[in-house]
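Biologist: Could you walk me through this fold, starting with whatever I need in order to read the burial values properly?

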Amino acid sequence: MKPLTVIHSRTACLPFENIDTDRIIPARFLTTTSRAGLGRHAFNDWRYREDGSDNPDFPLNRPEAAGCRILVAGRNFGCGSSREHAPWALLDFGIEAVISSEIADIFRSNALKNGLLTIVVAEDEHRQLLADPGIELVIDIGAGTISRPDGAVIHFDLDRFARHCLLNGVDQLGFLLEAEPEISTWEQQHATHSTSMESAT
């Protein structure tokens with residue numbers, strides 16, 4: 001994972017409610033344990049026609065959505081079955097942050113563990129973002145802010161542990177490895193203490 005501190009990008013919008021994980025990455029693409037290449041299957045059945053050509057009606061296929069790293073999605077994004085492939089597919093597609101008024105808990109947990117920022121904002125702020133696709137936003141992960149071009153700032157909450165992992169580009173294992181010196185010191189002290197207690201008895 002790469003450190004994620006500031007995201008400066010235009011937004012792409014999917015203004016539809018209840019976009020589930022099967023819509024994000026259909027079940028038939030879950031056979032791989034590799035993240036690489038999953039981006040081409042993101043929103044597969046929505047993004048392509050039956051003949052494999054791009055569906056021009058799909059919002060993320062429009063020219064103005066090209067290169068956008070911030071996705072503003074409808075309410076209850078990521079609902080449905082739990083699958084880590086969903087955030088993998090979005091990341092490989094180029095999405096670094098998802099903003100909505102409601103994001104399914106399991107999807108949000110999987111996303112943050114894999115370096116995909118998920119942000120829940122108030123309903124009125126969400127409506128404004130959906131109504132203005134292509135707006136340039138600056139997301140500051142450390143400060144917990146989204147800055148709009150007009151100077152308005154949206155504040156968002158982010159779990160302290162998730163923020164640390166995103167800012168430092170580490171996952172849960174990486175976090176534990178960061179603490180390895182302290183863990184080793186504690187283990188040595190504990191072993192010494194246990195030996196002393198045994199000798200005393």
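Modeller: Buried here means under 20% relative accessible area, while exposed means over 50% and partly exposed is what lies in between. Please also keep in mind that this is a predicted model. With that cut-off, Ile70 and Val72 point one way from β2, Leu71 and Ala73 point the other way, and all are buried.

Biologist: And which residues cover the two faces of β3, buried or exposed?

Modeller: Both faces of β3 are covered, with Ala97 and Ile99 on one side and Val98 and Ser100 on the other, and all of these are buried.

Biologist: How do β2 and β3 pair, and over how many bridges?

Modeller: Strand β2, residues 70–73, and strand β3, residues 97–100, pair in the parallel sense over 3 bridges. Going along β2, Ile70 stands opposite Ala97 in β3, Leu71 has Val98 as its bridge partner in β3, and Val72 stands opposite Ile99.

Biologist: What about β1 and β2, in which sense do they pair?

Modeller: β1 and β2 also pair in the parallel sense, over 4 bridges, and Ala12 stands opposite Leu71 in β2. Since Leu71 also has Val98 as its bridge partner in β3, you can follow the pairing across from one strand to the next.

Biologist: OK, zoom out. What is the strand order of the sheet?

Modeller: The sheet is open and is formed by 7 strands in the order β4-β3-β2-β1-β5-β6-β7, with mixed pairing. Its edge strands are β4, residues 117–120, and β7, residues 153–155, each of which pairs on one side only. On average, and ignoring direction, neighbouring strands of this sheet are turned by 30 degrees against each other.

Biologist: Which helix lies across β1, β2 and β3?

Modeller: That is helix α5, residues 123–130, which lies across β1, β2, β3, β5 and β7 and runs at about 115 degrees to β2.

Biologist: Let me pick single residues now. Why does Thr11 count as buried?

Modeller: Thr11 lies in strand β1, which spans residues 6–14, and Thr11 counts as buried because its relative accessibility is 2%, against a cut-off of under 20%. Not counting residues up to four places away in sequence, Thr11 touches Cys68, Ile70, Val72, Asp132, Pro133, Gly134, Ile135 and Leu137. Of these contacts, Ile70 and Val72 are the residues that point one way from β2.

Biologist: And Thr118, where is it, and buried or exposed?

Modeller: Thr118 has its place in strand β4, and at 0% relative accessibility Thr118 counts as buried. Leaving aside neighbours within four places in sequence, Thr118 is in contact with Val98, Ile103, Phe107, Arg108, Ala111, Leu112 and Leu158.

Biologist: Some of those sit in α4, I think. At what angle do α3 and α4 pack?

Modeller: Helix α3, residues 85–93, and helix α4, residues 105–113, pack at an angle of about 55 degrees, with their axes 8 Å apart. The two helices are therefore oblique to each other, and the crossing of α3 and α4 is right-handed.

Biologist: Which residues meet there?

Modeller: From α3 it is Ala86, Pro87 and Leu90, and they meet Phe107, Asn110 and Ala111 in α4. The residues of this contact of α3 with α4 divide into 5 nonpolar, 1 polar and no charged. Phe107 and Ala111 are also among the residues that Thr118 is in contact with.

Biologist: Which residues of α3 are buried, and what do they pack against?

Modeller: The buried residues of α3 are His85, Ala86, Pro87, Trp88, Ala89 and Leu90, and the buried residues of α3 pack against α1, β3 and α4. Just after α3, Gly94 takes a positive phi of about 115 degrees.

Biologist: Changing topic, where does Ser34 lie, and how far is its C-alpha from that of Trp88?

Modeller: Ser34 lies in the loop between α1, residues 21–24, and α2, residues 44–47. Ser34 and Trp88 are 54 residues apart along the chain, and their C-alpha atoms are separated by 8.8 Å. Ser34 counts as partly exposed, because its relative accessible area is 33%.

Biologist: Last one, what are the totals for the protein chain?

Modeller: The secondary structure of the protein chain comes to 8 helices and 7 strands, and 42% of the 201 residues count as buried. Among contacts between residues at least 6 apart in sequence, 65% join residues at least 24 apart.

Terms used. Residues numbered from 1 in each chain as written. Predicted model: local features only at pLDDT ≥ 70, side-chain atom pairs only at ≥ 80, totals over all residues. Heavy atoms only, no water. Buried < 20%, exposed > 50% of the residue type's maximum accessible area, 1.4 Å probe, protein only. Contact = heavy atoms within 4.5 Å. Pairing = 2+ DSSP bridges. Axes fitted to C-alpha atoms, helices over the stretch in contact; angles between N-to-C directions. Parallel < 35°, antiparallel > 145°, perpendicular 65-115°, else oblique. Left-handed = near helix turned anticlockwise from the far one by under 90°. Nonpolar A, V, L, I, M, F, W, Y, C, P; charged D, E, K, R; others polar.
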